[in-house]
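Please open the model in the viewer and display side chains as sticks. The stops below are given in the order in which they may be selected.

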Amino acid sequence: MKKKTKTYTISAVAELFDVHPQTLRLYEREGLLKPSRSEGNTRLYTDADLERLEVILSLARELGVNLAGVEIILNMGEK
């Protein structure tokens, strides 16, 4: 039996991190976040997505890095 991964909706994530859902959609458009989709096409965020979002937000909020910079830093981290 496949273990069900816990997922979060965009509204739950927005509330959890105190960001607007539009911000999350922007991060997705920019390729910073890649939530999966449900059959009804609802965005589903995993714990891994939330960890990534935490990094994005700390870079942006605390260090003032713009989204292009965030993308570069994330890509370097993945290599």
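Select L53 together with the residues around it: beyond its neighbours up to four places away in sequence, L53 touches V13, F17, L24, Y27 and L33. The model is a predicted one. L53 belongs to the largest nonpolar core, which has 18 residues, and it is listed with V13, L24 and Y45 as having the most contacts inside that core. Two of these, V13 and L24, are also on the list of residues that L53 touches.

**The elements behind the core**

Now colour the model by secondary structure. Which elements give two or more residues to this core? They are α1, α2, α3, which covers 47–62, and α4, which covers 67–78. The greatest contribution comes from α3, with 5 residues.

**The pair α1 and α2**

Select residues 10–17 for helix α1 and residues 21–29 for helix α2, and hide the rest for a moment. The two helix axes come within 9 Å and cross at roughly 110 degrees. At what orientation does this place α1 relative to α2? The crossing makes α1 roughly perpendicular to α2.

To see the contact itself, show I10, V13 and A14 on the α1 side, and P21, L24 and R25 on the α2 side; these are the residues that meet. Sorted by class, the contact of α1 with α2 consists of 5 nonpolar residues, no polar residues and 1 charged residue.

Stay with P21, which lies in helix α2. Apart from residues up to four places away in sequence, P21 touches I10 and A14. Is P21 buried, partly exposed or exposed? Its relative accessibility is 22%, and buried requires a value under 20%, so P21 counts as partly exposed. For a distance across the model, pick the C-alpha atoms of P21 and N75: these residues are 54 apart along the chain, and the atoms are separated by 23 Å.

**Two residues with positive phi**

Next, select D18, in the loop between α1 and α2. Most residues other than glycine have a negative phi. D18 is not a glycine, yet its phi is positive, at about 55 degrees. With a relative accessibility of 66%, D18 counts as exposed. A distance label from the C-alpha atom of D18 to that of S58, 40 residues away along the chain, should read 13 Å.

Then move to N41, in the loop between β1 (36–37) and β2 (43–44). N41 also has a positive phi, about 70 degrees, although it is not a glycine.

**The segment before α1**

Select Y8, which is placed in the segment before α1. Is Y8 buried or exposed? Y8 is buried, its relative accessible area being 17%. What does Y8 contact, leaving aside its neighbours within four places in sequence? The list is V13, R43, L44, Y45, T46, D47 and L50. Among these, T46 is 38 residues from Y8 in sequence, while the C-alpha atoms of the two are 6.4 Å apart in space.

T5 is placed in the segment before α1 as well. T5 is partly exposed, with a relative accessible area of 47%. Between the C-alpha atoms of T5 and Y45, which are 40 residues apart along the chain, the separation is 9.9 Å.

**The whole chain**

Finally, clear the selections and view the complete model. The protein has 4 helices and 2 strands, and from the N terminus on its elements run α-α-β-β-α-α. Its radius of gyration is 13 Å, close to the 12 Å that the globule rule gives for 79 residues, so the protein is as compact as a globular protein of that length. Along the principal axes, the C-alpha trace spans about 40 × 30 × 20 Å.

Two totals may be kept in mind while rotating this view. Buried residues account for 32% of the 79 residues. Of the contacts with a separation of 6 or more, 51% are between residues 24 or more positions apart.

Conventions:
Residues numbered from 1 in each chain as written. Predicted model: local features only at pLDDT ≥ 70, side-chain atom pairs only at ≥ 80, totals over all residues. Heavy atoms only, no water. Axes fitted to C-alpha atoms, helices over the stretch in contact; angles between N-to-C directions. Parallel < 35°, antiparallel > 145°, perpendicular 65-115°, else oblique. Contact = heavy atoms within 4.5 Å. Nonpolar A, V, L, I, M, F, W, Y, C, P; charged D, E, K, R; others polar. Core = buried A, V, L, I, M, F, W, Y, C linked by side-chain atoms within 4.5 Å. Buried < 20%, exposed > 50% of the residue type's maximum accessible area, 1.4 Å probe, protein only. Rg over C-alpha atoms; globule rule 2.2 N^0.38 Å.
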